[in-house]
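Colleague: I would like to learn how to read a protein model feature by feature. Could we take one topic at a time, with the general idea before the case?

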Amino acid sequence: MDNDKQSFWDHLDVLRAAIIRIVAVTVIFGVLAFFFKEQLFAVVLAPKDSGFITYRLFDVINGMVTDSYVADFSIRLINTGLAEQFIIHMKTAMYAGVLCASPYILYQLFRFVSPALYTNERKYATRVVGSGYSMFILGVLLSYYMVFPLTFRFLGTYQVSGEVENMITLQSYISTLVIMSLAMGIVFEMPVLSWLFAKLGFLSADFMRRYRKHAVIIILIIAAIITPTSDIFTLLLVSLPMWILYEISIYIVKIATTCKNEITITI
């Protein structure tokens, strides 16, 4: 019993040490991001101007197709609270710190959990964590370079009347950017979750093929919610990666199910 208690407290000490290291590294990155304010907000606020790479690329494509270019635009953000800019600065630096420290955070958590796993479980856990993290980052990058800029340009320049001027707050801009990035990161977890559900026996490739049409409709609805624009081209560009992820998920589920059946038959 004493040995069990000692073992429990040993694990607790290891967990506490891991948490301390995680917090320390996250704070260090957050502090660095806080002091590099100009560079941080140059990246964060880049999508609000027409010079952003996504707008230039889409305008070139639009010009090649229709021989017309979208006029330059620049949306000015406002602040309505006395301490709001400072608070947003701290929050943004914290988000940047967590994002930069995320590989180290995953490493520390996996290092703590891995001793309790068998060799084959550790192999699968490494694949799931690594693949999940990579797909999440891809989703965040897609949101930053495509989903958020296109949505922001449409909503930021949309007017019901010329007499009504858009006055977008910095808080609204940052919160929308964070929420969309998080949402797209989660959407890009579809292949990883599909593989996991297939391994657990909850999902099959036949089921996903049977409801492919329903999935396409749901994908279009989600894309329309994420990018509420009247431009069908933008809607298709957002929904296309999601549809590709669904098709990839079908293939991954098929492989996972086949491997599982082969293992079962061998046993």
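Modeller: Let us begin with salt bridges, keeping in mind that this model is predicted. A salt bridge pairs a side-chain nitrogen of Lys or Arg with a carboxyl oxygen of Asp or Glu within 4 Å, and here Glu247 forms one with Arg212, their closest N and O atoms being 2.9 Å apart. Because Glu247 lies in helix 10 (residues 232-266) and Arg212 in helix 9 (residues 212-226), this pair ties together parts that are 35 residues apart in sequence.

Colleague: Are Glu247 and Arg212 buried or exposed?

Modeller: Neither word fits, since partly exposed covers what lies between under 20% and over 50% relative accessible area. Glu247, at 23%, counts as partly exposed, and Arg212, at 30%, is also placed in that class.

Colleague: How many salt bridges does the structure hold?

Modeller: There are four, and one of them joins Arg16 to Asp13, with the closest N and O atoms 2.6 Å apart. Both of these residues belong to helix 1, where they are three residues apart, or about one turn of the helix. Arg16 is partly exposed at 47% relative accessibility, and Asp13 is partly exposed at 34%.

Colleague: What should I notice about the salt bridge between Lys48 and Asp49?

Modeller: Their side chains meet at 3.4 Å, N to O, and it is worth checking the accessibility of each partner separately. Lys48 has a relative accessibility of 16%, so it counts as buried, whereas Asp49, with 27%, is partly exposed. Lys48 is also among the residues that Phe152 touches.

Colleague: Where does Phe152 belong in the wider picture?

Modeller: The general idea is that in soluble globular proteins nonpolar side chains tend to be buried together. In this model the largest nonpolar core has 47 residues, and those with the most contacts inside it are Leu40, Val44, Phe152, Tyr173 and Phe188. Leaving aside residues up to four places away in sequence, Phe152 touches several others, including Pro47, Tyr55, Ile75, Leu77, Ile168 and Tyr173.

Colleague: Which nonpolar residues make a patch on the surface?

Modeller: Ile19, Val23, Val27, Ile28, Phe29, Val31, Leu32, Phe35 and Phe36 make a nonpolar surface patch of about 840 Å². One of them, Val23, sits in helix 1 (residues 2-35) and is partly exposed, having a relative accessible area of 45%.

Colleague: How should I read a helix that bends, and where does helix 4 do so?

Modeller: A bend is read as the angle between the axes fitted on either side of a residue. Helix 4 (residues 84-113) bends by about 55 degrees at Ser102, and the proline Pro103 follows within four residues. The buried residues of this helix include Ile88, Ala96, Ser102 and Ile105.

Colleague: What does Ala96 touch?

Modeller: Not counting residues up to four places away in sequence, Ala96 touches Ala33 and Leu40. The C-alpha atoms of Ala96 and Ala33 are separated by 6.6 Å, although these residues are 63 residues apart along the chain. With a relative accessible area of 16%, Ala96 is buried.

Colleague: How can I describe the chain as a whole?

Modeller: Start with its secondary structure, which comes to ten helices and two strands, following the pattern α-α-α-β-α-α-β-α-α-α-α-α along the sequence. Then turn to burial and contacts: buried residues make up 33% of the 267 residues, and of the contacts with a separation of 6 or more, 81% are between residues 24 or more positions apart.

Technical notes
Residues are numbered from 1 along each chain as its sequence is written. This is a predicted model: local features need pLDDT of at least 70, side-chain atom pairs count only at pLDDT 80 or more; totals for chains, interfaces and linings use all residues. Side-chain values use heavy atoms; hydrogens and water are left out. Patches are made of residues with over 30% relative accessible area and no salt bridge: like charges are joined within 9 Å, nonpolar side chains (Val, Leu, Ile, Met, Phe, Trp, Tyr) within 5 Å. Accessible areas come from the Shrake-Rupley method with a 1.4 Å probe; for residues, only the protein chains shown count as cover. Buried means under 20% relative accessible area, exposed over 50%, partly exposed in between (1.4 Å probe, protein chains only). The bend at a residue is the angle between axes fitted to the seven residues ending there and the seven starting there. A nonpolar core is a set of buried Ala, Val, Leu, Ile, Met, Phe, Trp, Tyr and Cys residues joined through side-chain atoms within 4.5 Å. Contact means heavy atoms within 4.5 Å.
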